[in-house]
Amino acid sequence: MRVAVNGYAAQASTKASPENLLEWVKKDKRRLLHVVYRVGDMERTIKFYTECLGMKLLRKRDISEERYTNAFLGYGPEDAHFVIELTYNYGVDKYDIGTGFGHFGIAIEDVSRTVELIKAKGGKVTREPGPVKGGSTVIAFIEDPDGYKFELLERGPTPEPLCQVMLHVGNLDRSIDFYEKAFGMELLRKRDNPEYKYTIAMLGYGPEDKHTVLELTYNYGVTDYDKGNGYAQIAIGTDDVYKTAEAVKLYGGKVTREPGPLPGINTKITACVDPDGWKTVFVDNIDFLKELE
């Protein structure tokens, strides 16, 4: 139930029981909307993503009074696809990416051809195309002009080419428990690689071949990472930001912005960090679609 407070809709104080809240989280209509990070030259980055990675510039907005510009890029419209939101802050041309952020994953039908194009455009290839260690999938790694890493994975046609966001965590079981319960994600697979001393877990809201997933990586013995100031957050759609905030608090996260409407546009959001400090913003599904109109 919601009550009006100062003209806005706010959540009543009655809270759901942990059991009901967990069940609600599982049924909530959630989708990864976009990932946000900062770049030092907006036009240079747009050129690289469109010409080398085949993305489309979906929209761009300049907020001169706040001294920043946003650009949204991806492989399909925002109402149905996971996209990238780039932020350029006036006068800031370099960011520290840190050691915590890993990479973005892009599913591509011909990795070798894409790598040759990237080389021809002056891009940086950090791993040449070839089978993944211990498997048959052809992959390559590249860096964009700001140093953000992209893993190119050779796959057939997919509705969601921007397919992964990889982050490092200090306790994988703790993170899996949090993302399953607080975020309602499904553990799609988990793989331990003792030879190279790391374990990965893939979590998301649907199978990897059709949805963007979160790849969490635990390196043996490493419990803390430098997050830098480049990577910002992921945004996820939800039917109720108020219940979402309750679930985050209940299952070990920290709410950094209490749920409610944003001034000026009235889109309801809540923001939180996971046990490792990675930030996520939840956005009301209906309000998000209104923003795109």
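The questions and answers below look at a predicted model of one protein chain. Residues are numbered from 1 along each chain as its sequence is written, and side-chain values use heavy atoms, with hydrogens and water left out. Because the model is predicted, local features need pLDDT of at least 70 and side-chain atom pairs count only at pLDDT 80 or more, while totals for chains, interfaces and linings use all residues.

Q: How many helices and strands does the protein chain have?
A: Helices (H or I, at least four residues) and strands (E, at least two) are DSSP runs, numbered from the N terminus. Counted in this way, the protein chain has six helices and 18 strands.

Q: What radius of gyration does the protein chain have, and why does it agree with a compact globule?
A: The radius of gyration is taken over C-alpha atoms, and the globule rule is 2.2 Å times the number of residues to the power 0.38. For 293 residues the rule gives a value near 19 Å, so the chain agrees with a compact globule, as its own radius of gyration is 19 Å.

Q: Which residue does UniProt give as "active site"?
A: UniProt positions are given in the numbering used here, with feature names shortened, and annotations may be inferred rather than shown by experiment. In this case the feature comes from an unreviewed entry, and the residue lies in strand S10 (residues 149–154). The "active site" is placed at Glu151.

Q: Is Glu151 buried or exposed?
A: Buried means under 20% relative accessible area, exposed over 50%, and partly exposed in between (1.4 Å probe, protein chains only). Because Glu151 has 9% relative accessibility, it counts as buried.

Q: Which residue of strand S11 (residues 162–168) is in contact with Glu151?
A: Contact means heavy atoms within 4.5 Å. Leaving aside neighbours within four places in sequence, the contacts of Glu151 include His103, Phe104 and Gly105, and these three residues are also among the contacts of the S11 residue. That residue has 2% relative accessibility and therefore counts as buried. The residue in strand S11 is Gln164.

Q: Where does Glu85 lie?
A: UniProt, in an unreviewed entry, places the feature "binding site" at Glu85, His103 and Glu151. Glu85 is buried, with a relative accessible area of 10%, and, not counting residues up to four places away in sequence, the residues that Glu85 touches include His34, Tyr37 and Arg61. Glu85 lies in strand S6 (residues 83–89).

Q: Which helix gives the most to the largest nonpolar core?
A: A nonpolar core is a set of buried Ala, Val, Leu, Ile, Met, Phe, Trp, Tyr and Cys residues joined through side-chain atoms within 4.5 Å. Of the 59 residues in the largest one, Tyr37, Tyr49, Leu53, Phe150 and Phe183 touch the most other members. With five residues, the helix that gives the most to this core is H2 (residues 42–52).

Q: Why do the buried residues of H4 line one face of the helix?
A: In helix H4 (residues 172–181), Leu172, Ser175, Ile176, Phe178 and Tyr179 are buried. The arc is that of the directions from the helix axis to the C-beta atoms. Seen down the axis of H4, the buried residues line one face because they fall within an arc of 165 degrees.

Q: Which helix do the buried residues of H4 pack against?
A: The partners of these residues include strands S12 (186–193), S13 (198–204), S14 (213–219) and S17 (268–273). The helix among the partners is H5 (241–250).
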